[in-house]
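Hi,

Here is the model I promised to pass on. Have a look at it first, and then read my notes underneath.

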Amino acid sequence: MSLVNLAHVCSHLQNASKARLGLTSIPVSKLHVNLMLGLQREGFLSSVTLGGTTPPKPFLLQPTTSPEELETMADTLADEPWHAYPTLPESQDGRKAPPSPLGEERVFDVHVPLNPARRRLWLGLKYWNNEPVLRKMKLISKPTRRIWLTSEELGKITRTRQAGFVKGLTTPGECMFVTTDRGILEARECVERRLGGMALCRIA
Amino acid sequence: MSVCRPARCLFSRAAPTTLPKPSPSPLPFSSSAARHHHNRPRSFHTSTPRPARHRRPHYPSIKADDLKLLNQAAQATAPVYKKSELSLLQQQYTPDQLAAIEAAEAVIDRKDLYIQGSLRTDPWRLPYEDDLAEVDPVTDIPDKLSPESIKGKKTFREANALERDEAIARIANENMAKLYPDGVPEGQLSEKDQQRLEEHMEAALMQASMDPRAVYTGPNQKALDTLADPRHSRIYADLPRIENRMMRQTRRLASDEEEDPRQKRLLKYLDWDKDKLKQIRTKTLVVHGVTNQTRMGKIQSMYFLTIAGNGNGLLGVGEGKSVEPEEGKKQSVMAAIRNLRPVPRYENRTIFGDLEKKVGATKVQLFSRPPGFGLRVQHLIFEMARAAGLHDLAARTPRSRNKMNVIKATWEALCNQKLPDEIARARGKKLVDVRKVYYGGSVH
């Protein structure tokens, strides 16, 4: 768990937001992935995608089912609703399953390189009223000084009071992420579940 | 329950309670006493159970007698029109109006009027209390009548001396009849009454001689009468002048009030009236001299920085500079009022969360505080918070304390706050004001 890399990610996201980028990438690690999923859950990021060195194809450029196909699919489902259940990919005799009457299933596949060193985590940044949604992202624990907080201390912090050497969440909409034995959680969620853990970063 | 007690006595009563209620048509051989015994709940205790408290109804029950009293009171406060009253109304109103009045009275429940009817106190109430029973000379101006309403010929000619004297005598008599409705007093009068009578006669004669009916005459009497009718007058009667000391002191002539062209322009820009402008409080916080070095030499002038606010969520900052101190100050005041911007306030007393703003080398940190905390801030920020209507605030200026920059940074920070609902929209999350939820929405 390298907090040095997390510090780099924090400043990179701040810079990318200031530059009004729509999509940016960070190195992949379990900590980063879980933290970014937490950020997405809190509404700071629009998308989190694992990909290679080139950005993943946007959703709009990927092949989609046409409205006509959707209509025929709806019609067949209305007549024969049992097709909604998944069919076995191959029957037991080894023969290939007949094509589904609903049409071909579309799967959005993103190319992920086999070499883990070439993998990147692609993040969609959000903007509202010409202002970035994620403006400040700062480490609390430092690589040289980790800070662990109990659920009581986290409760104080979420109620805008200082606990230990950690300032309260006073600016409106400020969030704090904590890594616990149940994964990376938002501070308020930790308070709700009565969990303590190591404070990672604060985001406003 | 003591163990010594036989189990029989427990089960003797247990069976009926577990069964559903006895059927409405009881068996012929079950006695009423037995049924009563069956309905009683089984007791597990030797002591007698406390009777359950009676259930209270959701609404207080009003007795029929009280309701009757209420109806009587309602009848007394808003009685039904009697026949004689209706005939009086018929003289005053057209049948259409009367029907409308009756329909309106039928719609309103008298009881409701008695219970709920009260004088309005809201700010949108009408500015007067009037049952329209009296004619107000100011607001109730008689209807204007057009010449079409006069029937017959409308030609006039100048009256000759004979006709004029006749008309004056007639009009003077009319006037005297108005002054003395019970008839002119006759016989021996006291000196005072005699004098008053003479005065009245003189006034009536004077009025009659001024009347246009005395000057002109014509074949159509109705057309002649319209000459003295104020409804046919091109100009209405003058509004009565209210004369008292208060009015005299507060009255201002147009020449007294000097029209400032700059203020006029400002009012036009803001689309305000003068009364609204009077509610704005301004305060000049920074004054110092500045020098411009030119070829000719140094030119001294004065710099002013003024804040303006209405004490209710508006705050502006304006600068002015001029060689004339008065001129510079006026400039800054006008600029401050022109720059008024809304300051979002949490519960109309403090800010939404903590703020930080940096202008130049000055950094201002503002902190929201609980109710009753007060304004524990430095003097410049104190003045600004008071002008904006903030009551609970703390602040720090950890770096440079340049007065101008402190004011500008505070203003920027207060006006550009991030509001919780905006954050919620940006993130697509739901944010809830916990304080408001806890106090059930009755926070301020």
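One term before the rest: by contact, and so by packing, I mean heavy atoms within 4.5 Å. Please also keep in mind that this is a predicted model.

With that cut-off, start at helix 12 of chain B, where the buried residues pack against helix 13 (274-278) and helix 14 (325-338) of chain B. The buried residues in question, in a helix that covers residues 261-270, are Leu266(B), Leu267(B) and Leu270(B). Looking down the axis of helix 12 of chain B, you will find its buried residues within an arc of 100°, so they line one face of the helix. What sits on the other side? There, Pro261(B), Lys264(B), Arg265(B), Lys268(B) and Tyr269(B) are exposed. Just after helix 12 of chain B comes Asp271(B), with a positive phi of about 60°.

Helix 16 of chain B (residues 403-415) is another one to look at. Its buried residues include Val406(B), Ile407(B), Trp411(B) and Leu414(B), and also polar ones such as Asn405(B) and Thr410(B). At its start, a side-chain oxygen of Asn402(B) comes to within 3.0 Å of the backbone nitrogen of Met404(B). The length works out as well: 13 residues at 1.5 Å a residue should span 18 Å, and because the end C-alpha atoms are 18 Å apart, the two agree.

Now the strands of chain B. Strand 8 (residues 362-368) is mostly covered, with five of its seven residues buried. Which strands does strand 8 of chain B pair with? One partner is strand 7 (residues 355-359) of chain B, antiparallel over five bridges, with Leu355(B) opposite Leu366(B). These two strands of chain B make a hairpin with two residues between them, and Gly360(B) in the turn has a positive phi of about 65°. Strand 10 (residues 393-396) of chain B also pairs with strand 8 of chain B, antiparallel over four bridges. In that pairing, Ser368(B) has Leu393(B) as its bridge partner.

For chain B as a whole, there are 18 helices and ten strands. Of its 444 residues, 25% are buried. If you take the contacts in chain B between residues at least 6 apart in sequence, 61% of them join residues at least 24 apart.

On to chain A. Three of its strands form an open sheet in the order 1-3-2, with antiparallel pairing. Strand 1 (23-27) and strand 2 (45-51) of chain A are the edge strands, each pairing on one side only. On average, neighbouring strands of this sheet are turned by 25° against each other, ignoring direction. Strand 2 of chain A and strand 3 (residues 120-125) of chain A share six bridges in the antiparallel sense, and one of the bridged pairs is Leu45(A) with Leu125(A).

Two helices lie across these strands. Helix 1 (residues 3-18) of chain A crosses strand 1 and strand 3 of chain A, and runs at about 170° to strand 1 of chain A. Helix 2 (residues 30-41) of chain A lies across strand 1, strand 2 and strand 3 of chain A, at about 155° to strand 2 of chain A.

That's what I have so far. Over to you!

Cheers

Methods
Residues numbered from 1 in each chain as written. Chains lettered and ligands numbered in written order. Predicted model: local features only at pLDDT ≥ 70, side-chain atom pairs only at ≥ 80, totals over all residues. Heavy atoms only, no water. Pairing = 2+ DSSP bridges. Axes fitted to C-alpha atoms, helices over the stretch in contact; angles between N-to-C directions. Expected span 1.5 Å × (residues − 1). Buried < 20%, exposed > 50% of the residue type's maximum accessible area, 1.4 Å probe, protein only. Polar contact = N/O pair within 3.5 Å; in protein donor to acceptor, adjacent residues only side chain to side chain. Arc of directions from axis to C-beta.
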